[in-house]
Amino acid sequence: MSLHGPHTDDGLVQLLTPTGERVEHPRYSALAAHLDADALRGMYRDMVLVRRFDNEATALQRQGELALFAQCLGQEAAQIGSGRALRSQDYVFPSYREHGVAHTRGLDLADLLRLFRGVDHGGWDPADHNFHLYTLVIGSHTLHATGYAMGVQRDGLVGTGDPDRDTAVVAYFGDGSTSQGDVNEALVFAAVNNAPLVMFCQNNQWAISEPTSRQARVPLADRGLGFGVPSVRVDGNDVLASYAVTVEALERARSGGGPTFIEAFTYRMGAHTTSDDPTRYRSAAEDEYWRQRDPIERVRLHLESLGELPVAFVTDLEAESTALAERIRTTVRAFEPPAPEEIFDHVYATPNAVVTAERAWFASYEASFAPTGAAAGTTTGGAR
């Protein structure tokens, strides 16, 4: 875009151009050099499936099957690239649109929709995949991530030299979150404690209807530098570059080198959520500019240029995408409403007398609404 301030694309790490050409970077090319055609097809598959899920969930919301949905449309490369850089012991704190990262952590994408369907406060056990529940409060989870990273550090899981033991923590958040006090406080604690934390900011250009220029006068990555945190700006529509910069940041964290701030310069091609209308504040020209930089398209073009995108692979992927969409529809419509008393199940990890008493009171209160007498159909006819 060749703009100044927070919208500049100067200095972005890029390994794959929008037209699918592989380019060299003196620092990061080596970190992605081992990714062969099979690995690229795997990333391409991930992005295609996540987009199909994203589109299907949006359609379900429009049909009244979901209360709300937050798309990750256009941000697939930043999420799949960084997610594929993680090791199993690493821990992720997402915001609420990290569907691609969830996919790389092995979550069933259908489970993400329990929250948006309103049948669960989360939808999965974070311990099963080292992937925390979605956080709807903007930026608050960056403090949770920092505290968790400090705990990992104090547990002796950093800098041991054992690749199966050393652990990093990643917090994903958007450009709007950088205006929140929580994010800045997280940077303070992470920096001074040398916490094994990667702060991964997906700068999708819009904090709902406010452009990044209303939040900063310089690139967002410069905020990390202000706290003494190594920072890097990456083309967030380039899956290879997103992978490479995250590999470096994770290794710094695991080895005891402390936090890193990554600004993935990308674009939210859809709405902020399904309650938003981006046509009220974005131009068609801007949307078209970014559609020409579609993260999935550039991988497709690259694979085709290498002769590594067989027709059979494309056909099978289309069939897999169609099957995923059908399963998402069927699963979501089969979600059962939870029992009202389930709200008490996960308040504390161990039994608590106050919660137990409140559960009993609530059960009694709910039972008081049970139909009795004529309303229950136990009496014969007559005057009321």
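What volume does the largest pocket have? About 470 Å³, and the views below start there. This is a predicted model, so to speak of local features takes pLDDT of at least 70 and side-chain atom pairs count only at pLDDT 80 or more, while totals for chains, interfaces and linings use all residues. Residues are numbered from 1 along each chain as its sequence is written, and side-chain values use heavy atoms, without hydrogens and water.

**View 1. The largest pocket and its lining.** A pocket here is an open set of points on a 1 Å grid over the protein atoms alone, where a 1.4 Å probe fits, with protein on both sides within 12 Å along at least five of seven lines; lining residues have an atom within 4 Å of a point. Of the 19 lining residues, D120, H121, G122, E342 and H346 sit nearest the centre. The lining splits into 10 nonpolar, 5 polar (Gly counts here) and 4 charged residues.

**View 2. The second largest pocket.** This one has a volume of about 270 Å³. Its lining has 20 residues, with Y96, I138, G174, G176 and H272 closest to the centre. Strands β2 (169-174) and β4 (206-207) each chip in at least two lining residues; strands are DSSP E runs of at least two residues. By class, it's 6 nonpolar, 10 polar and 4 charged.

**View 3. Helix α2 against helix α13.** The axes (lines fitted to C-alpha atoms over the stretch in contact) of α2 (residues 37-62) and α13 (residues 311-334) come within 9 Å and cross at roughly 35 degrees. Helices are DSSP H or I runs of at least four residues. Contacts (heavy atoms within 4.5 Å) involve, among others, R41, Y44 and F53 in α2 and F313, L317 and R333 in α13.

Key. Axes are lines fitted to C-alpha atoms, for helices over the stretch in contact, and angles run from 0 to 180 degrees between N-to-C directions. Grid points are joined across faces, edges and corners, and a volume is the space filled by probe spheres set on the points.
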